[in-house]
Amino acid sequence: MAEPLEHMPSDNERVNRALVGVTNGNFGPLDWYEQAACRNRDSRLWFSSYRRTIDGAIGVCRRCPVRPACLALAMEHPELVGVWGGTDETERAQARREACRQARQRREG
Ligand code: SF4
């Protein structure tokens with residue numbers, strides 16, 4: 001059963017935008033989701049604008065057996081907002097920028 005978290009948002013548009021591609025199969029088969037710790041929980045927790053709620057979702061992700069697959073998907077698709085693989089979208093954007101910076105450094109020697 002999901003733990004109650006404070007400040008649950010009702011930002012349905014944000015949730016819908018993020019999930020429409022998943023439900024339409026735009027990201028290929030997501031078989032690993034069968035084992036997801038967030039399965040059968042209120043998905044709004046993963047798409048909140050509130051830091052406290054985001055941190056609660058990330059806490060669930062830390063115990064999730066499919067976290068690497070989830071994070072890999074979100075890293076490949078910058079359009080995915082919200083918490084994926086134990087990271088929020090800001091952290092993923094920073095990781096992408098850092099990966100680009102390191103790749104540029106390697107190319108330039
Ligand atoms: S890592 Fe987090 S968002 Fe991804 S499937 Fe697991 S619980 Fe859900």
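This passage describes the ligand shell, helix α2 and the surroundings of Asn16 in a predicted model.

The ligand is surrounded by 14 residues. Ala36, Cys38, Cys61, Cys64 and Cys70 are the closest of these. By residue class, the shell around the ligand comprises eleven nonpolar residues, two polar residues and one charged residue. Two helices, α2 (51–61) and α3 (67–76), each contribute at least two residues to this shell.

Within α2, the buried residues are Thr53, Ile54, Gly56, Ala57 and Cys61. These residues lie on the same side of α2, because the arc they cover around the axis is only 160°. Arg51 and Arg52, on the other side of α2, are exposed. The packing partner of the buried residues of α2 is α3. Cys61 thus appears in two contexts: it is among the closest residues to the ligand, and it is one of the buried residues of α2. Helix α3, likewise, is packed against by the buried residues of α2 and supplies at least two residues of the shell around the ligand.

A further position considered is Asn16, which is located in helix α1 (residues 12–23). Asn16 has 11 C-beta neighbours inside 10 Å and therefore counts as exposed, the limit for this class being 12 or fewer. Along the chain, Asn16 and Phe47 are 31 residues apart; in the model, a distance of 9.5 Å separates their C-alpha atoms.

Conventions: Residues are numbered from 1 along each chain as its sequence is written. This is a predicted model: local features need pLDDT of at least 70, side-chain atom pairs count only at pLDDT 80 or more; totals for chains, interfaces and linings use all residues. A residue is near a molecule or strand if its C-beta atom, placed from the backbone, lies within 6 Å of it. Helices (H or I, at least four residues) and strands (E, at least two) are DSSP runs, numbered from the N terminus. Ala, Val, Leu, Ile, Met, Phe, Trp, Tyr, Cys and Pro count as nonpolar, Asp, Glu, Lys and Arg as charged, and the others, Gly among them, as polar. A residue is buried if 20 or more other C-beta atoms lie within 10 Å of its own, exposed if 12 or fewer, and partly exposed in between; C-beta atoms are placed from the backbone. The arc is that of the directions from the helix axis to the C-beta atoms. Two residues are in contact if their C-beta atoms, placed from the backbone, lie within 7 Å.
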